[in-house]
Amino acid sequence: MTDRSSKPRILTGDTPTGRLHLGHWVGSVENRVRLQDEYDCYFLLANMHAFTTRAEQPADIRRDTIEIVKDWLSAGIDPERATIVLQTEVPAIAELSWYFAMLLPFNRVMRNPTLKTEIDAKGLGDTYSFGFPLYAVGQCADILAFRPELVPVGEDQAAHLEMCREVARRFDVLYCGVDSHAEDDDFVDKGGLFPVPKMLIGRVARLVGTDGSNKMSKSLDNAIFLSDTAKQVKKKIGKMYPGQSREPDEPGNVEINPIFEYADAFMKDTAGLDELKDRYRRGDNLGDGHVKAAVIDAINELLEPMRERRAEFEGPGGDDAVIDIIRQGTARANAVAEETLALAKEAMSLDFGRRDLSWR
Ligand code: ATP
Ligand code: MG
């Protein structure tokens with residue numbers, strides 16, 4: 001194994017509110033798989049945050065936590081190289097959340113557009129818990145506990161990441177004496193504890209769902225899951241509406257057809273894709289069924305190796321093997337997060353002693 005400590009760090013993760021889908025793949029997971037050699041990677045299971053919308057479903061959250069790890073492993077994340085982190089067993093994250101909550105004006109959190117969109121999309125109305133907006137503050141701690149340089153996420157996370165960057169700057173200015181006019185890239189060199197992390201948007205910033213309008217989301221029943229069978233993929237794409245009514249042999253509009261969004265995202269054969277688009281635009285005897293068939297093949301080509309890797313964890317003992325991986329990763333993650341917390345407390349004049357965590 002190569003030396004982790006010399007590499008810049010990455011932190012990103014997923015909330016166990018369901019299984020992973022193609023939106024996660026193009027938005028973030030693909031980048032994680034690609035960057036796991038170059039960076040010291042920490043992938044967080046945000047199981048505490050799952051309670052913000054599913055407090056009454058603890059068993060489902062536990063199941064989804066394990067399923068997401070299976071999704072990661074099948075997608076090509078290697079636990080020997082990357083560190084898998086269980087949020088609820090990293091107490092430094094919860095502690096940092098408190099300190100960071102003091103660095104963010106209440107109204108600043110409540111104006112966060114990602115939270116507003118989620119409240120609408122998930123139909124939370126005005127009855128959501130106090131913990132729901134708090135998760136956006138907690139996410140600053142998820143990230144900064146690992147002092148990463150890079151956070152690979154989908155576009156919907158931009159507002160959250162901006163808040164995290166603000167917290168890093170404010171902490172460094174307030175408690176580490178960094179000049180408030182310093183460039184983001186210079187904060188650590190100028191004595192700051194936290195780097196101001198950069199966002200890395202995936203190849204597709206926001207993949208549309210099979211409903212053709214909302215972003216693909218675990219919570220919106222519009223997702224193609226990484227664990228779907230070939231038959232399920234076929235059925236879901238088959239039911240998609242092409243976004244326009246078009247008579248046979250009439251010109252079609254590639255731009256407003258969500259099936260072509262998938263073709264762009266998943267077809268590797270670019271010459272074939274261009275030809276498909278040309279024929280569709282010309283109304284050249286090419287129905288939506290043709291496009292769908294090409295998309296189904298492309299998606300199944302991506303998912304087939306994942307299905308094969310997943311099979312290793314589907315049998316008896318699969319869950320135990322996953323839990324072992326979670327425990328090993330979380331032990332490693334705690335070493336980093338505890339160090340961050342100790343340094344943060346020192347900067348805040350809270351250095352009354354050091355503690356050790358033990359893990360059973
Ligand atoms: P939920 O409905 O519970 O919010 P989600 O499907 O939005 O679930 P998250 O766990 O919130 O998934 O997001 C995990 C990561 O995947 C984030 O980096 C997010 O930006 C990215 N992501 C999620 N959906 C998409 C999408 N449709 N396109 C691109 N990236 C996405
Ligand atoms: Mg989300």
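Reader: What makes the pair formed by histidine 21 and ligand 1 a polar contact?
Author: A polar side-chain atom of histidine 21 lies 2.9 Å from an oxygen atom of ligand 1. A polar contact is a pair of N or O atoms within 3.5 Å, so this pair qualifies. The model is predicted: local features need pLDDT of at least 70, side-chain atom pairs pLDDT 80 or more, while totals for chains, interfaces and linings use all residues, and side-chain values use heavy atoms, without hydrogens and water. Residues are numbered from 1 along each chain, and ligands from 1 in the order in which they are written.

Reader: Which polar backbone atoms pair with an oxygen atom of ligand 1?
Author: One belongs to threonine 15, at 3.3 Å, and another to glycine 154, at 2.8 Å.

Reader: How many residues surround ligand 1, and which are the closest?
Author: There are 22 (each with a heavy atom within 4 Å). Thr17, Asp156, Lys215, Ser217 and Ser219 are the closest.

Reader: Why is helix 2 called roughly parallel or roughly antiparallel to helix 7?
Author: Helix 2 (residues 47-54) and helix 7 (residues 131-144) pack at about 170°, with axes 9 Å apart. Angles over 145 degrees count as roughly antiparallel, and therefore helix 2 is roughly antiparallel to helix 7. The contact (heavy atoms within 4.5 Å) includes His49, Thr52 and Thr53 of helix 2. By class, this contact of helix 2 with helix 7 has two nonpolar, six polar and one charged residues.

Reader: How do helix 6 and helix 7 cross, left-handed or right-handed?
Author: The axes of helix 6 (residues 113-121) and helix 7 come within 11 Å and cross at roughly 145°. Their crossing is right-handed. Leu115, Glu118 and Ile119 of helix 6 touch Phe132, Pro133, Tyr135 and Ala136 of helix 7. These residues divide into six nonpolar, no polar and one charged.

Technical notes. Axes fitted to C-alpha atoms, helices over the stretch in contact; angles between N-to-C directions. Helix = DSSP H or I, 4+ residues; strand = E, 2+ residues; numbered from the N terminus. Parallel < 35°, antiparallel > 145°, perpendicular 65-115°, else oblique. Nonpolar A, V, L, I, M, F, W, Y, C, P; charged D, E, K, R; others polar. Polar contact = N/O pair within 3.5 Å; in protein donor to acceptor, adjacent residues only side chain to side chain. Left-handed = near helix turned anticlockwise from the far one by under 90°.
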